[in-house]
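Below are my notes on the model you sent round. They go from one loop residue outward to the chain as a whole, with some backbone details at the end.

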Amino acid sequence: MFDSHIHLDQLDVSQIEQIVSDPLLQGILAVSTDLESAETLLALKQKFPKIQIAAGFHPEQVLIDDKQQQELFDWIIKNQANLTAIGEVGLPHYLKRQNPKLDYQPYLALLEQFVALSKRLNLPLNLHIVHDDVAIMLNLLEKYQIQYAHFHWFKTDDSLERFLRTPYFASVTPDILWNPKTQKIAQNLPLDRLLIETDSPWQHESLENASISQQLQAILAQLVTLRTESESVIRLQIRRNYQRLYGVV
């Protein structure tokens, strides 16, 4: 199994050691929230080959200034050979929900720079894009003719049909166990575009003490219940999906 979205640098040393030593995990994609986060993840990757990393800026926080943005872009370019993706990047949907007066434009401008950099470096995007922001993101991906993008913990209603017509990937978390909207996505998304993730250290209902592999196994079991394919077919195709998207062997 492969966890396609995890905040590894937010876990303690013992948790990280447990993850990298778990024989049920083929690998993980550790996403960063800022430059410091990316630097921490690179150090971890150099110690543990099971770790793949993505570098970006999580949008659900105060925006960094132009100088800090450039430092992050420079670091990504310098370390591109060590990166599997650009991420986590996106738009601050939940921040906007808390503060309706939040100006989206600076976040949009930064996101477009990440998309352009993704195109330039030929790195896939790992995206924090949900609900109404999906249409905005699809427009950007189309503008830059991006081939590989991954919408993590995918959530949308109005844009679902449009998303299904794209080549992009989406992942589901353990909330598939109880969330009917996530279940709908899991049932409608073509199997060859489906991924699974934990978004750890997020605490999922009823799985607060479960390991990463146990959480992923719970998702797989629910997928078997919701879909028509067998567990072996689902497992194999999800493995092919992350190999195709992220180049992970």
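**Notes on the predicted model**

1. Thr156 is buried, its relative accessible area being 7%. This is a value from a predicted model, as are the others in this note. Thr156 sits in the loop between β6 (149-151) and α7 (160-164). Which residues does Thr156 contact, leaving aside its neighbours within four places in sequence? They are His131, Val134 and Ile185. Val134 is 22 residues away along the chain, and its C-alpha atom is 7.1 Å from that of Thr156. There is also a polar link inside the loop region: the side chain of Thr156 reaches the backbone nitrogen of Ser159 at 3.4 Å.

2. His131, one of the contacts of Thr156, deserves a separate look. His131 lies in the loop between β5 and α6 (133-143). Its relative accessible area is 22%, and His131 is therefore partly exposed, the cut-off for buried being under 20%. The phi angle of His131 is near 55°, a positive value in a residue other than glycine.

3. Asn122 also has phi near 55°, again positive in a residue other than glycine. Asn122 belongs to the loop between α5 and β5 (125-128). Is Asn122 buried or exposed? Asn122 counts as exposed, at 67% relative accessibility.

4. Two cis peptide bonds should be checked by eye. One runs from Gly87 to Glu88, with omega near 5°; Glu88 is part of strand β4 (residues 85-90). Another joins Ser200 and Pro201, with omega about 15°. Pro201 is found in the loop between β8 (194-196) and α9 (212-226).

5. Gln183, in helix α8 (residues 180-188), is a polar residue to inspect. With a relative accessibility of 18%, Gln183 counts as buried, because the cut-off is under 20%. Not counting residues up to four places away in sequence, Gln183 touches Ile176, Leu177, Trp178, Gln222 and Leu226.

6. Helix α3 (residues 66-78) has 13 residues. From its first C-alpha to its last, α3 reaches 18 Å, close to the 18 Å expected at 1.5 Å a residue. At the start of α3, a side-chain oxygen of Asp65 comes to within 3.2 Å of the backbone nitrogen of Lys67.

7. Which residues of α3 are buried? They are Gln69, Leu72, Phe73, Trp75 and Ile76. Viewed down the axis of α3, these buried residues fall within an arc of 160°, so they line one face of the helix. An α-helix has 3.6 residues a turn, so residues three or four places apart point the same way. The cover over the buried residues of α3 includes α2 (35-47), β3 (51-55) and α5 (105-121). On the other side of α3, Asp66, Lys67 and Lys78 are exposed.

8. The largest nonpolar core has 71 residues. Within this core, Leu8, Leu141, Phe151 and Leu223 touch the most other members. Helix α5 gives the most to the core, with 8 residues. Leu223 touches Ile176, Ala186, Leu194, Ile196, Ile234 and Ile238, with residues up to four places away in sequence not counted. A second, separate core of 11 residues includes Ala54, Phe169, Leu195 and Leu245. In soluble globular proteins, nonpolar side chains tend to be buried together.

9. For the chain as a whole, there are 10 helices and 8 strands. The radius of gyration is 17 Å, close to the 18 Å that the globule rule gives for 249 residues, so the protein chain is as compact as a globular protein of that length. The C-alpha trace spans about 50 × 45 × 35 Å along its principal axes. Buried residues make up 57% of the 249 residues. What percentage of contacts between residues at least 6 apart in sequence join residues at least 24 apart? The value for the protein chain is 69%.

Note on methods:
Residues are numbered from 1 along each chain as its sequence is written. This is a predicted model: local features need pLDDT of at least 70, side-chain atom pairs count only at pLDDT 80 or more; totals for chains, interfaces and linings use all residues. Side-chain values use heavy atoms; hydrogens and water are left out. Helices (H or I, at least four residues) and strands (E, at least two) are DSSP runs, numbered from the N terminus. The expected span of a helix is 1.5 Å times one less than its number of residues. Buried means under 20% relative accessible area, exposed over 50%, partly exposed in between (1.4 Å probe, protein chains only). The arc is that of the directions from the helix axis to the C-beta atoms. Contact means heavy atoms within 4.5 Å. A polar contact is a pair of N or O atoms within 3.5 Å; within protein, one must be able to donate a hydrogen and the other to accept it, and residues adjacent in sequence count only if both atoms are side-chain atoms. A nonpolar core is a set of buried Ala, Val, Leu, Ile, Met, Phe, Trp, Tyr and Cys residues joined through side-chain atoms within 4.5 Å. The radius of gyration is taken over C-alpha atoms; the globule rule is 2.2 Å times the number of residues to the power 0.38.
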